[in-house]
Amino acid sequence: MNILMFRTDIQSPIGIQSVWEALQPLGIKSFSIDFSDFNHALSVVSEELITPQSISKALKGIGYYCEYLSK
């Protein structure tokens with residue numbers, strides 16, 4: 001299982017369905033967003049190896065800022 005963390009500008013649960021629809025084709029098993037965190041941290045869980053760039057590109061494609069937080 002792979003877990004990737006990102007800094008985003010996703011401010012609220014409104015639009016979460018569009019985030020899911022953007023991530024699902026990439027093979028994402030689940031994701032969560034910590035709205036109380038300063039970085040609005042997005043945690044993505046996948047069983048497949050997915051590049052951080054593909055996730056950033058998918059979210060940028062629907063209008064969100066998304067930056068990979070390296071370990």
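Student: How many salt bridges does this structure have?

Tutor: The count comes to two salt bridges, each being a side-chain nitrogen of Lys or Arg within 4 Å of a carboxyl oxygen of Asp or Glu. The model is predicted: local features need pLDDT of at least 70, side-chain atom pairs count only at pLDDT 80 or more, and totals for chains, interfaces and linings use all residues. Residues are numbered from 1 along each chain as its sequence is written, and side-chain values use heavy atoms, with hydrogens and water left out.

Student: Why is the contact of Glu67 and Arg7 called a salt bridge?

Tutor: The N to O distance between their side chains is 3.1 Å. The limit is 4 Å, so the pair qualifies. Glu67 belongs to strand S4 (residues 66-68) and Arg7 to strand S1 (residues 2-8), so the salt bridge ties together parts 60 residues apart in sequence. Strands here are DSSP runs (E, at least two residues) and helices likewise (H or I, at least four), numbered from the N terminus.

Student: What makes Lys29 and Glu47 a salt bridge, and where do they lie?

Tutor: Their closest N and O atoms are 3.2 Å apart, so they meet the rule of within 4 Å. Glu47 is in the loop between strand S3 (42-46) and helix H2 (52-61), whereas Lys29 is in strand S2 (residues 28-33), 18 residues away.

Student: Why is Glu47 classed as it is for accessibility?

Tutor: Its relative accessible area is 58%. Exposed means over 50%, buried under 20% and partly exposed in between (1.4 Å probe, protein chains only), so Glu47 is exposed. Lys29, at 46%, is partly exposed, as are Glu67 at 31% and Arg7 at 27%.

Student: What does a search for cavities of 30 Å³ or more find?

Tutor: The search of the whole structure finds one, of about 40 Å³. A cavity is a set of points on a 1 Å grid over the protein atoms alone where a 1.4 Å probe fits but cannot get out, and lining residues have an atom within 4 Å of a point. Among the lining residues are Asn2, Leu4, Val44 and Val45. S1 and S3 are the elements that give two or more residues to this lining, and S3 has the largest share, three residues.

Student: Why are S1 and S3 said to pair?

Tutor: Pairing needs at least two DSSP bridges. S1 and S3 share five, so they pair, in the antiparallel sense. Phe6 has Leu42 of S3 as its bridge partner. S1 and S4 also run antiparallel, joined by three bridges, with Thr8 opposite Cys66 in S4.

Note on methods:
On a 1 Å grid over the protein atoms alone, a cavity is a set of points where a 1.4 Å probe fits but cannot get out, and a pocket is an open set with protein on both sides within 12 Å along at least five of seven lines; lining residues have an atom within 4 Å of a point. Grid points are joined across faces, edges and corners, and a volume is the space filled by probe spheres set on the points.
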